[in-house]
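Let's take a look at how two protein chains meet, and at one helix along the way. Keep the picture open while you read.

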Amino acid sequence: MTTFLRSVSAEFAKIFTTRLWWLLAIVLFCYIGLIAGGLGALLAGVETGVISPDAVNTGGAGAFGFGSLPPIIYSFASSVGYVFPVLLGVLATTGEFRHQTLTPTFLATPRRGVVLAAKTVTLVLVGAGFGVVGLAASVGLGGGALSAFGVDALLLDSETWLQVGRTILAMGLWAAIGVGFGVLVPSQVASIVVVLAFTQFVEPLLRLAASFLEVTAQIGNYLPGSASDALVGASVFTLANPAGAPPLDWWQGGLVLLGYAVVATMIGYAVSWKKDVT
Amino acid sequence: MPTGAVIEFSNISKRFGGVAAVNDLSFTVEPGRVTGFLGPNGAGKTTSLRILLGLVAASSGTATFGGVRYRDLPNPLATVGAALEAASFHPGRSARDHLGVYAIAAGLPRTRVMEVLTQVGLAAHAAQRVGGYSLGMRQRLGLAYALLGNPGALVLDEPINGLDPEGIRWIRGFLRDMAAEGRTILVSSHLLSEVQQSVDDVVIIARGELVHLGPLSSLDTDAAPQTIVDSPDRENLTAALTAAGITFSIGRTGLLAATSDPALLGHLAFTAGVELSVLHRQKTGLEDSFLALVGGSHSL
Ligand SMILES: Nc1ncnc2c1ncn2[C@@H]1O[C@H](COP(=O)(O)OP(=O)(O)O)[C@@H](O)[C@H]1O
Ligand SMILES: [Mg+2]
């Protein structure tokens, strides 16, 4: 147990002694702040009539069919921001291969499974921290924009804070998926390319394509992005849902995400982590 | 002072695909001595050391410290310090933070970090990012990592590569001091000349197999003694040698006579009235013995 706790402390030290974590955190905050603040202002303006619907060419107020705006705006922290904890996790594992730091790591802690478990726990916690950063942007700036246009930001609503908690959990799980993917594809360049291509391009298209038929929509619910949105409980991506397949429950979404993380990490452990370090 | 454990390789073999990198290698390394682990590039030194440290899985055989495998050591960094040839650093991390990470992982006091950086002469660069380090500084940082747990045994893979002359002098003294304190020192090199001033014992491998083992002096054999002799009047010299029944061959710097006794040739020349321009015994140095053992003309 002490070996494990020391290993966790060492993994924390690894993250916080290079610049990557705060560079990613700053970009995450600005990116989410821009989207949540901008869309929050726009949609709140339309809803309250401050901005004329014709000016934004939507074909009429209410056509959004959003119901309540704040959950959607706040969900940008994870529905858009999830790629940041994934990248942090991927870089945490692939960096060990790339810079050959597995050698000193395994010399200090020869139990490799312990190291990988410690890395996962550490990244879940730092990923959760990224959740807080993303929420600071989406709730802080997005909520501020809503309030500025006279829409209730629902900051005293317990449902809002439950969503905040589930978002933090989702971001932690995404970091664990990053760790797992990094051991599955230890080549750093390949890993980053696949993560960016999948999260920014392939998965959104798959989700869209799957949503047209009820059968495929049910399968589409198990895509990691859909599972994450189900866990969080709100997302712009689930608004357009022609076939109307009901999303997973929040806890089912959480288990699906956890499943991706566990499966990727276990396969990665076998194919790269426990192999010869030469 | 930490006393070193005996390092024992028992019948280790390693195949990478079809390549037999190490083949049935067995030897022990005693505390209180510096043991040179020698062999040309590709001989299997790094592979053997990585097997010893649990980084590479042997195809068969075991390697232990006092009978215990590396992965089963309760405090590995306090038992064995290792510096392997690859530069294993995150370039964006400072030397202090680099060592700090592993001090935490091994449960060592953080004060050790500055102590070992001072010991290897890097204290002034402790806060500098390792990406800006020279090869020699990286070697020193690798050594600092090895010393972190104040271990009784040191395993160093080609530690002299990339060091400047001052650094080479420093590490030679360092190895002697460490052994004098009773530690077990195993240091690899592809050049005997690099380490012959520091080692007590040698273990020589070639193509993954043991070819020689023993004290350094065991390499100093006069297997084929020769004396180089020459004269402005080579014709009469060769006649004199032939008459005395001494076989010879014609070398680049003179005649290579098959005798270890220059005085004999000097007497011969004097009685034959031949003037000599060259007369000395050819040294068969340690390096020659080493090259002969590992198979001669390698890209050394
Ligand atoms: N990861 C690897 N995959 C395949 N072959 C390897 C690997 N590592 C080493 N080898 C081969 O094993 C042999 C021994 O290499 P090595 O142990 O590095 O020798 P040395 O350290 O004495 O130069 C060489 O033929 C090398 O090409
Ligand atoms: Mg080598």
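Is B:Lys14 buried or exposed? Keep in mind that this is a predicted model. With a relative accessible area of 8%, B:Lys14 is buried, because anything under 20% gets that label. So who does this lysine pair up with? B:Lys14 forms a salt bridge with A:Asp276, and the closest N and O atoms are 2.7 Å apart. This pair crosses between chains: A:Asp276 is in the segment after helix 12 of chain A, while B:Lys14 is in strand 1 of chain B. Unlike its buried partner, A:Asp276 is partly exposed, with a relative accessible area of 29%.

**Where the chains meet**

Now for the wider contact. Chain B puts in 32 residues and chain A puts in 25 residues. Here's a handy bit of background: the size of an interface is often given as the accessible area lost when the parts come together. Between chain B and chain A, the buried area is about 2600 Å², and carbon and sulfur atoms give 57% of that.

There are also 14 residue pairs in polar contact between the two chains, counting pairs where both residues are at pLDDT 80 or more. Which parts of chain B supply at least two residues each to the side that touches chain A? They are strand 1 (7-16), helix 2 (76-79) and helix 3 (95-105). Helix 3 of chain B gives the largest share, with five residues. Sorted by type, the residues on this side of chain B come out as 20 nonpolar, five polar and seven charged.

**Charged pairs**

Side chains of opposite charge can pair when their charged atoms come close. How many salt bridges are there between chain B and chain A? The count is two, while over all chains it comes to 16 salt bridges. You've already met A:Asp276 with B:Lys14; A:Arg111 with B:Asp72 also forms a salt bridge. That second pair runs from the loop between strand 4 (60-65) and helix 2 of chain B, where B:Asp72 is, to the loop between helix 6 (102-108) and helix 7 (112-148) of chain A, where A:Arg111 is.

B:Asp72 counts as partly exposed at 33% relative accessibility, and A:Arg111 is partly exposed too, at 35%. B:Asp72 also meets B:Arg69 in a salt bridge, and B:Arg69 is partly exposed at 40%. Here are the three pairs side by side:

| Salt bridge | Closest N to O distance |
|---|---|
| A:Asp276 and B:Lys14 | 2.7 Å |
| A:Arg111 and B:Asp72 | 3.0 Å |
| B:Asp72 and B:Arg69 | 2.9 Å |

Over in chain A, salt bridges link A:Glu11, A:Lys14, A:Glu96 and A:Lys119 in a network.

**A helix tucked away in chain A**

Finally, find helix 11 of chain A, residues 224-232. Why is it described as largely enclosed by the rest of the structure? Because nine of its nine residues are buried. Among them are A:Pro224, A:Asp229 and A:Val232.

What do those buried residues pack against? Their neighbours in chain A are helix 4 (76-79), helix 8 (158-184), helix 9 (188-210), helix 10 (214-220) and helix 12 (250-273). After helix 11 of chain A comes A:Gly233, which has a positive phi, near 100 degrees.

Note on methods. Residues are numbered from 1 along each chain as its sequence is written. Chains are lettered from A and ligands numbered from 1 in the order in which they are written. This is a predicted model: local features need pLDDT of at least 70, side-chain atom pairs count only at pLDDT 80 or more; totals for chains, interfaces and linings use all residues. Side-chain values use heavy atoms; hydrogens and water are left out. Contact means heavy atoms within 4.5 Å. Buried area is the accessible area (1.4 Å probe) that two parts lose on being put together, summed over both. A salt bridge is a side-chain nitrogen of Lys or Arg within 4 Å of a carboxyl oxygen of Asp or Glu. A polar contact is a pair of N or O atoms within 3.5 Å; within protein, one must be able to donate a hydrogen and the other to accept it, and residues adjacent in sequence count only if both atoms are side-chain atoms. Helices (H or I, at least four residues) and strands (E, at least two) are DSSP runs, numbered from the N terminus. Ala, Val, Leu, Ile, Met, Phe, Trp, Tyr, Cys and Pro count as nonpolar, Asp, Glu, Lys and Arg as charged, and the others, Gly among them, as polar. Buried means under 20% relative accessible area, exposed over 50%, partly exposed in between (1.4 Å probe, protein chains only).
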